[in-house]
Amino acid sequence: MKTVRECIEEARAKRNDVLIETDEGTYEEMFGGGWTATGEYGWEEEEHAFDSYTVSKVVELEEGITIIVVE
């Protein structure tokens, strides 16, 4: 399976929005780098916060959204 970073780069190359789904919640990419928890103000992670996770599946929606599910 690909790394989280590879999946993010592929989604960006397709100009898709990227969501990362963990057991703790869903994170969306912020403008300028980093990740913010969806629906949570001020709950942010750095750009490489998910690099150590394992990708369990990748879902590409027709709306131009890539969801990366990690463990």
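**Exercise 1.** Work out which residue takes a positive phi in the hairpin of β1 and β2, and how many residues lie between the strands.

*Solution.* Start with the turn: four residues sit between the strands of this hairpin. Now check the backbone angles there, and you'll find Gly-25 with a positive phi near 155°. Keep in mind that you're looking at a predicted model. Next, look at how the strands line up: β1 and β2 are antiparallel and share three bridges. To pin down one of these pairs, take Glu-21, whose bridge partner in β2 is Thr-26.

**Exercise 2.** Carry on to the hairpin of β2 and β3, and find which residue has a positive phi there.

*Solution.* First, get the pairing: β2 and β3 (residues 35-37) run antiparallel, joined by three bridges. Then pick a residue and look across: Tyr-27 is opposite Ala-37 in β3. Finally, go to the turn, where five residues lie between the strands and Gly-32 has a positive phi near 95°.

**Exercise 3.** Decide whether Thr-22 is buried or exposed, then describe its surroundings.

*Solution.* Step one is to locate Thr-22: look in the loop between β1 (17-21) and β2 (26-29). Step two is the accessibility. Buried means under 20% relative accessible area. Thr-22 comes out at 10%, so this residue counts as buried. Step three is the side chain, which reaches the backbone nitrogen of Glu-24 at 3.1 Å. Step four is to skip the neighbours within four places in sequence and see what else Thr-22 is in contact with: Tyr-27, Phe-50, Tyr-53 and Val-70. One of these contacts, Tyr-27, is the residue you found opposite Ala-37.

Conventions
Residues numbered from 1 in each chain as written. Predicted model: local features only at pLDDT ≥ 70, side-chain atom pairs only at ≥ 80, totals over all residues. Heavy atoms only, no water. Helix = DSSP H or I, 4+ residues; strand = E, 2+ residues; numbered from the N terminus. Buried < 20%, exposed > 50% of the residue type's maximum accessible area, 1.4 Å probe, protein only. Polar contact = N/O pair within 3.5 Å; in protein donor to acceptor, adjacent residues only side chain to side chain. Contact = heavy atoms within 4.5 Å. Pairing = 2+ DSSP bridges.
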